[in-house]
Amino acid sequence: MMMMRQSGSRVAGMAGLGSRLFSTSVIKGVHESSRIAKPSLLAKEVVDTFVRARPAVAVFRGARQYSSTVTLQGETEKEKNKEEEEKKVQNVNTAADSEKQKGNIVSYWGVPPSKAANKDGTDWKWTCFRPWETYQADLSIDLNKHHVPITFLDKLAYWTVKSLRWPTDLFFQRRYGCRAMMLETVAAVPGMVGGMLLHCKSLRRFEHSGGWIKALLEEAENERMHLMTFMEVANPRWYERALVFTVQGVFFNAYFLGYLISPKFAHRVVGYLEEEAIHSYTEFLKELDKGNIENVPAPAIAIDYWQLPAGSNLRDVVMVVRADEAHHRDVNHFASDIHYQGRELRESPAPVGYH
Ligand SMILES: [Fe+2]
Ligand SMILES: [Fe+2]
């Protein structure tokens with residue numbers, strides 16, 4: 001059989017058709033075109049020799065069953081398709097050129113740019129958050145609530161946070177804008193670490209999280225938005241940026257380990273951190289009221305994120321941020337309390353969207 005194939009190949013090569021004819025589609029084409037064009041006897045013999053030598057009878061039958069009309073139609077359709085493909089490529093290239101001229105990112109994947117609109121129909125200007133993620137802060141929340149530390153772990157959490165306040169006071173003193181911004185770089189870590197660990201736990205144990213992954217990730221996102229806001233009114237110095245690098249490296253890993261060992265301790269620490277944050281923002285407000293810090297107009301990002309009225313100022317922003325911190329305090333002390341009762345977080349529905 002192999003010899004017959006080889007001899008077929010040689011004869012086909014002699015007829016100027018080449019070894020490529022040994023693909024089924026080409027052979028079909030040649031055989032059919034031989035009917036249309038009435039080829040020379042040699043070519044017909046070559047094809048017949050090859051077809052006889054083919055071991056698969058189905059291919060032979062298939063080749064003979066197609067009429068020349070079908071072939072012509074097929075070829076016309078192929079040409080049409082090719083032209084359409086070329087047109088499509090041309091259109092894509094034209095669109096890409098126009099996007100390039102506008103300075104936009106060009107993508108081959110056809111992912112449409114995500115667009116949102118304001119209530120008045122104008123384009124939403126932020127890509128870092130969307131209209132449905134904005135909210136009005138609940139300013140009526142009790143700012144003075146405090147979890148009295150009774151157990152050893154609670155006392156350890158409380159004094160850990162208190163001891164961190166002294167170097168912070170020493171470093172920033174009364175520069176509350178900068179202090180707020182720097183502390184937000186730390187405050188946005190626990191929610192992400194806790195959410196990530198609960199996510200992994202959910203995967204490992206094949207169980208639901210009770211919404212706690214989402215609630216903690218929401219907290220992290222909310223804290224990051226505090227940072228994005230304070231970035232607009234404070235400019236960190238080079239050594240402050242360096243400090244953020246160092247602190248993040250240490251705090252992320254410490255909190256990660258702490259959460260693995262004792263989530264009830266980790267959430268209690270964050271509860272007390274949030275109590276401290278409320279205190280810091282209260283001091284910030286006092287400095288604003290005394291005129292020691294200029295009450296500048298609220299950054300545009302803050303007006304849109306907290307749905308503040310136009311003409312709001314920095315004081316209004318600090319008020320809503322402080323209210324957020326009070327909500328984080330509640331969520332984290334609550335999470336710690338659940339663990340203290342010997343329960344899993346997933347056993348109590350998470351306060352998703354609690355602002
Ligand atoms: Fe914050
Ligand atoms: Fe917070």
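**Group meeting: two irons and a set of helices**

Okay, let's start in a loop: Phe206 sits in the stretch between H7 and H8. Before I go on, keep in mind that what you're looking at is a predicted model. So, what is odd about the backbone at Phe206? Its phi is positive, about 55 degrees, and Phe206 is not a glycine. As background, most residues other than glycine have a negative phi. And is Phe206 buried or exposed? With a relative accessibility of 78%, Phe206 counts as exposed, since the cut-off for that is over 50%.

There's another residue of this kind, Gln307, which isn't a glycine either and has a positive phi of about 50 degrees. You'll find Gln307 in the loop that runs between helix H11, residues 300–305, and H12. Gln307 comes out at 35% relative accessibility, so the label there is partly exposed.

Let me zoom out for a moment. The protein chain has 12 helices and zero strands. If you read the elements off from the N terminus, you just say "alpha" over and over: α-α-α-α-α-α-α-α-α-α-α-α. The chain is 355 residues, and 38% of them count as buried. For the contact-map people: take the contacts with a separation of 6 or more, and 74% of them are between residues 24 or more positions apart.

Now the metals. Which residues hold the iron ion that's ligand 1? The donors are Glu184, which appears twice through OE atoms, then Glu223 (OE), His226 (ND1) and Glu325 (OE), at 1.9 to 2.4 Å. Along the sequence those donor residues are spaced E-x38-E-x2-H-x98-E. Glu223 and His226 are both in helix H8, three residues apart, which is about one turn of the helix. Both are tucked away too: Glu223 is buried with a relative accessible area of 0%, and His226 is buried, also listed at 0%.

On to the iron ion that's ligand 2. Here the coordinating atoms come from Glu223 (OE), Glu274 (OE, listed twice), Glu325 (OE) and His328 (ND1), at 1.8 to 2.6 Å. The spacing of these donors along the chain reads E-x50-E-x50-E-x2-H. Which residue bridges the iron ion (ligand 2) and the iron ion (ligand 1)? That would be Glu223, and the two ions lie 3.7 Å apart. Glu223 belongs to helix H8, residues 212–230, while Glu325 belongs to helix H12, residues 314–340, so this pair ties together parts that are 102 residues apart in sequence. Glu325 is buried, as is Glu223.

Right, helix packing. I'll take H7 with H10 to begin with. Helix H7 covers residues 176–205 and helix H10 covers residues 263–290; they pack at an angle of about 160 degrees with their axes 11 Å apart. Because angles over 145 degrees go in that class, H7 is roughly antiparallel to H10. The crossing of H7 and H10 is left-handed. On the H7 side the contact is made by Tyr176, Gly177, Arg179, Ala180, Leu183, Glu184 and Pro190. H10 brings Val270, Ser280, Tyr281, Glu283, Phe284 and Glu287. And yes, Glu184 is in that list of contact residues, and it is also a donor to the iron ion (ligand 1). By class, the contact of H7 with H10 has seven nonpolar, two polar and four charged residues.

Then there's H10 with H12. Their axes come within 8 Å and cross at roughly 160 degrees, and H10 and H12 are therefore roughly antiparallel to each other. This crossing, H10 with H12, is left-handed. The contact of H10 with H12 breaks down as 16 nonpolar, eight polar and 10 charged residues. Each helix of this pair also carries iron ligands: Glu274 of ligand 2's donors falls within residues 263–290 of H10, and Glu325 is in H12.

Last stop, past the end of H12, at Pro349. Pro349 has 66% relative accessibility, so it counts as exposed. What does Pro349 touch, apart from neighbours within four places in sequence? The answer is Gly210 and Trp212. The C-alpha atoms of Pro349 and Trp212 are separated by 7.5 Å, although the two are 137 residues apart along the chain. Trp212 is also where H8 begins, given that H8 spans residues 212–230.

That's my tour, thanks.

Conventions:
Residues numbered from 1 in each chain as written. Chains lettered and ligands numbered in written order. Predicted model: local features only at pLDDT ≥ 70, side-chain atom pairs only at ≥ 80, totals over all residues. Heavy atoms only, no water. Axes fitted to C-alpha atoms, helices over the stretch in contact; angles between N-to-C directions. Helix = DSSP H or I, 4+ residues; strand = E, 2+ residues; numbered from the N terminus. Parallel < 35°, antiparallel > 145°, perpendicular 65-115°, else oblique. Left-handed = near helix turned anticlockwise from the far one by under 90°. Contact = heavy atoms within 4.5 Å. Nonpolar A, V, L, I, M, F, W, Y, C, P; charged D, E, K, R; others polar. Donors = N, O, S within 2.8 Å, 3.2 Å for Na, K, Ca; no water. Buried < 20%, exposed > 50% of the residue type's maximum accessible area, 1.4 Å probe, protein only.
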